[in-house]
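User: Hi! Could you walk me through some contacts in this structure, with the cut-offs spelled out as we go?

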Amino acid sequence: MCGIAGIFDLNGARDVDRAALRRMTEALAHRGPDGEGFYFAPGIGFGHRRLAIIDRQGGAQPFHAQGGGVLTYNGEIYNYEKLAASLNDRLQLKTRSDTEVLAEGFSLKGVDFLQELRGMFAFGFYDSARRRLTLARDRLGERPLYYAETNDGFLLFASEIGAIAASGLIDLSLDPRAVADYFYYGYVPDPKAIYRGVAKLPPAHWVMFEPGKSPRIERYWRPVFANGGALPYEEAAGILRGKVDGAVKAQMISDVPLGAFLSGGIDSASIVSSMTEAGGAVSACTIGFDGAANDERAAAREIAAKFGAIHYEDEAKADSTTLIDRVACAMGEPFADASALPSFQVAQIARRHVSVALTGDGGDEVFAGYRRYPFFLGEEKIRRLAPAPMRAALFGPLGALYPKLDWAPRALRAKTTFQALAQSSAQGYAAAVAINLPSRIDAIMDTDFKRALNGYNPASLIDDAMNASDTDDPLSRAQYADLMTWLPGRMLTKVDRTSMAHGLEARPPLIDHKIVEWAGALPPEYKLSHRHGKRILKDAFVSRLGADYVARKKQGFAPPIREWMRRDKDNPALRLNASQHWRECGMFKERAVDAMISDHQSGRVDCAQELWSVVMFDAFLRLSRP
């Protein structure tokens, strides 16, 4: 894993600002503690920070291809040895690194070579003969890539938005629509970035730049949900186990110590079992909480013992709120998923023992494990029985009148369900993935800020994703939307930033694109049955993990922020009282935020997530400014 940066002249062959590129590259030092490299030529400059994983001596970058061109690259190509054998028929490779394979393959085949890659990657490749820069990103969005154009016609690109900001070459004004997305979803979704004029290259895309020409951007892959011609269920479960074993074995390639993140869930437990099948000792790292409702350490210990793993664990103490600034700084953009705190801590633990960690991320999206899926399917049945005008007339008023019972069991929390039933399928699912209650956010946002949105609705993101899917099946449409938005924007962003903050490479085998493609062709009932998600994944690994373990209730990985924000000391919400950053940014109604703090502290309502979103936005404002 590495950090990449570059500057390219969009108008000709002017000298690039070398000092700016060095600042950008230095801002990525945490991503690559093992080395630094630069390449400069008329109109182009590349910077690279290296975390050496494979061929520690021969994979230094930027890398010059024999076939012409220069590469700066972040990621791992798991099938590089097979690709190297093919390339050796045409030229003699000089190293045993995946970097050289990518550089030479792209030099020979261009963007068509992307179809042959199995791995995670973000890179810039400069073809000096054509004066052409190509940026590309992996299929699921495991590795990040930002880019922006300066006022005087230079393109900047980097692994993190902090490196773009460190250049000093762009204006750092906030994009109101990106801010609205953040307060709706808890993150800034691709292709937006928090700053105007900065974009993320979406997953499974490449973009090409040449002086004097408009950029050319294309998607080269998308998940497909065929839902037909399925194998018998038992046979499919056996095949899945073999596919996971194969993906894990491929991703265990490393010249440095390797381990795994281990929670109490089926996903990470399956990964540890597959690592054991591949052979060798397994190091597993776990983080827990002070409170049984959120603590999965006992289950993790059970799996570690079952498979003979060397187990390291720690507890997210009550003073974990001191991590807020460190996590906010690592994320680069505002990020309101509170599980980023324990993710940061487990990466810190892991880095003491290993340089690479396999994770269970992606299992919920690929195999329909989220609790929201069965609720969404129930809503869809009602939508199909009643026309939209009838639903709007019936459920709209009920949603407005019904109280929001934060304290009640889920079955009695009908307000959001009524509101969702009054909306379209996509709007209802957008509400299901929203991190905050939109009405509460609307109540604390300033009128001028809302006017600047010019009617923009963040829910349109899900609408667009569902409309782009290839299926009418509601579960598959929801999964597709999650693979396009939630997975890269929230889950993989969290894993990348919190692990790379410690110079740790995280690899999620369950989103190997071959597994994603295979799972997409399964009937929906193979994944979600009788309100139970990840059916086929559980059955694939029940013989290894045990029936009792597989049947465990899902706990999640979130710290108890509701309780944290009702404490007398070390209360994150009270940080807002002393901060002027959120008060002076012009986006909030101060009295409304203060009232929300008071309401939550009194126990009258649960506004923990909305307040956490403001806390993390305030931390971003405070830490992102010079």
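What follows is a set of questions and answers on rings, strands and salt bridges.

Analyst: Happy to help! This is a predicted model, in which local features need pLDDT of at least 70 and side-chain atom pairs count only at pLDDT 80 or more, while totals for chains, interfaces and linings use all residues. Residues are numbered from 1 along each chain as its sequence is written, and side-chain values use heavy atoms, with hydrogens and water left out.

User: How many aromatic pairs are there?

Analyst: Rings of Phe, Tyr and Trp (its six-membered ring) pair if their centres lie within 6.5 Å; planes under 30 degrees apart count as stacked, over 60 as edge-to-face and the rest as tilted. By this rule, the number of aromatic pairs is 23.

User: How are the planes of phenylalanine 106 and phenylalanine 125 arranged, and what angle do they make?

Analyst: The ring centres of phenylalanine 106 and phenylalanine 125 are 5.0 Å apart. Phenylalanine 106 belongs to helix H3 (residues 98-109) and phenylalanine 125 to strand E6 (residues 119-127), so the pair ties together parts that are 19 residues apart in sequence. Helices (H or I, at least four residues) and strands (E, at least two) are DSSP runs, numbered from the N terminus. The pair is tilted, and the angle between the planes is 55 degrees.

User: Is phenylalanine 125 buried or exposed, and what is its relative accessible area?

Analyst: Buried means under 20% relative accessible area, exposed over 50%, and partly exposed in between (1.4 Å probe, protein chains only). Its partner phenylalanine 106 counts as buried at 5% relative accessibility. Phenylalanine 125 is buried too, and its relative accessible area is 4%.

User: Which residues do ring pairs link into a cluster?

Analyst: One aromatic pair, tyrosine 182 with phenylalanine 183, is edge-to-face, with 4.7 Å centre to centre and 75 degrees between the planes. Tyrosine 182 and phenylalanine 183 are both buried. Ring pairs link these two into a cluster whose members are Tyr182, Phe183, Tyr195, Trp582, Phe588, Phe617 and Phe620.

User: Which ring does the charged end of arginine 372 sit over?

Analyst: A charge sits over a ring if NZ of Lys or CZ of Arg is within 6 Å of the ring centre and within 35 degrees of the ring normal. The charged end of arginine 531 sits over phenylalanine 375, at 5.0 Å from the ring centre. For arginine 372, the distance to the ring centre is 4.1 Å, and the ring belongs to tryptophan 486.

User: What is the strand order in the open sheet of five strands?

Analyst: Two strands pair if DSSP finds at least two bridges between them. The edge strands, E15 (310-316) and E17 (505-507), each pair on one side only. Three bridges join E17 to strand E16 (residues 356-358), and these two run parallel. The pairing in the sheet is parallel, and the order is E15-E14-E13-E16-E17.

User: Which residue stands opposite glycine 6 in E9?

Analyst: Strand E1 (residues 2-9) is mostly covered, with eight of its eight residues buried. Seven bridges join E1 to the antiparallel strand E3 (residues 44-50), where isoleucine 7 has glycine 45 as its bridge partner. Five bridges join E1 to strand E9 (residues 154-158), also antiparallel. There, opposite glycine 6, stands phenylalanine 157.

User: How many residues apart are aspartate 512 and arginine 118?

Analyst: A salt bridge is a side-chain nitrogen of Lys or Arg within 4 Å of a carboxyl oxygen of Asp or Glu. Aspartate 512 and arginine 118 form one, with the closest N and O atoms 2.7 Å apart. Aspartate 512 is in the loop between E17 and helix H20 (513-520), and arginine 118 is in the loop between H3 and E6; the separation is 394 residues.

User: Which parts of the chain hold arginine 490 and aspartate 337, and how far apart in sequence are they?

Analyst: The side chains of arginine 490 and aspartate 337 meet in a salt bridge of 3.0 Å, N to O. Arginine 490 counts as buried at 11% relative accessibility, and aspartate 337 is buried at 8%. Arginine 490 lies in helix H19 (residues 474-500) and aspartate 337 in the loop between helix H9 (324-331) and helix H10 (340-351), so the pair ties together parts whose separation in sequence is 153 residues.

User: How many salt bridges does the count come to?

Analyst: Salt bridges that share partners join Arg31, Arg143, Glu160, Asp496 and Arg497 into one network. The count of salt bridges comes to 37.
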